[in-house]
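Welcome, and thank you for taking a look at this protein with me. Please have the sequence and the 3D view at hand as you read.

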Amino acid sequence: MVFPMQKENNARMDLANRVFFRLYQCANMLHKTGTRAIESDGLTTQQWAVLGALSRPQAAEGMSVGDLARYLMVSRQNLSGLLSRMERDGHVGLAADPRDRRSRLASMTEAGRHVWLVGAQPKILAYYEDALEGFSVNDIAHSLHYLLKLLENMQRIDKAQGGGREAE
């Protein structure tokens, strides 16, 4: 005999499995189709995220590699290789932080800013329009709300597991 609470929990876990699997699929499709949208500018979705982070007013003077890794929620090791490629391609500059010589600052170069503003941004905005077709402003706001709630819970789990130190 299946009890009502057990049945409800089974349904909840079935839905949870479906939500997380769809998130996995969405992340893979974002990487695949997002990269295609901007590949003519020589960018990938990871580079799009870095340039987006560095284009914010708070990063006008550059961002430490550690802060950038924490902001993007990636390991410092993975970000380091990505930044090296972006520096080689002329999109990002890396320099010693004048406040802390042990730390490096990443900043967008003029060439990177041009690629970001002139090449990538219009394509990214068109990509957003296509990907969000059929979504109302309310749908987008609700999606953002639930994704932020999920992200907060996952960050809590990460902290409890001793994570968050990989960017240090």
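Over how many bridges do strand 2 and strand 3 pair? Strand 2 and strand 3 pair over 6 bridges, in the antiparallel sense. Two strands count as paired if DSSP finds at least two bridges between them.

Before going further, a word on the source: this is a predicted model, in which local features need pLDDT of at least 70, side-chain atom pairs count only at pLDDT 80 or more, and totals for chains, interfaces and linings use all residues. Residues are numbered from 1 along each chain as its sequence is written, and side-chain values use heavy atoms, with hydrogens and water left out.

**The overall picture**

The protein chain holds 6 helices and 3 strands. Here helices (H or I, at least four residues) and strands (E, at least two) are DSSP runs, numbered from the N terminus. Read from the N terminus, the order of the elements is α-α-β-α-α-β-β-α-α. With a radius of gyration of 19 Å, well over the 15 Å that the globule rule gives for 168 residues, the protein chain is more spread out than a compact globule. That radius is taken over C-alpha atoms, and the globule rule is 2.2 Å times the number of residues to the power 0.38. The C-alpha trace spans about 65 × 40 × 25 Å along its principal axes.

Of the 168 residues, 26% count as buried. Buried means under 20% relative accessible area, exposed means over 50%, and partly exposed lies in between (1.4 Å probe, protein chains only). The accessible surface of the protein chain comes to about 11900 Å², and 56% of it belongs to carbon and sulfur atoms. Among contacts (heavy atoms within 4.5 Å) between residues at least 6 apart in sequence, 50% join residues at least 24 apart.

**The sheet**

Now back to the strands. The 3 strands form an open sheet with the order 1-3-2 and antiparallel pairing. Strand 1 (63-64) and strand 2 (92-97) are the edge strands, each pairing on one side only. Strand 3 (residues 100-108) pairs with strand 1 in the antiparallel sense over 2 bridges, and S64 stands opposite L105 in strand 3. On the strand 2 side, V92 stands opposite M108 in strand 3. A hairpin through 2 residues joins strand 2 to strand 3.

**Three residues to find**

The table lists three residues by place and relative accessible area.

| Residue | Place | Relative accessible area |
|---|---|---|
| D67 | helix 3 | 39%, partly exposed |
| M73 | loop between helix 3 (65-72) and helix 4 (76-88) | 46%, partly exposed |
| Q77 | helix 4 | 69%, exposed |

What is the phi of M73? M73 has a positive phi of about 60°, although M73 is not a glycine.

D67, in helix 3, also gives you a way to relate that helix to the sheet. D67 and L105 are 38 residues apart in sequence, and their C-alpha atoms are 9.3 Å apart in space. L105 is the strand 3 residue that S64 stands opposite.

Q77, in helix 4, can be located from G66. These two residues are 11 residues apart along the chain, with 10.0 Å between their C-alpha atoms.

Conventions. Areas by Shrake-Rupley, 256 points an atom, 1.4 Å probe, with all protein chains shown as cover.
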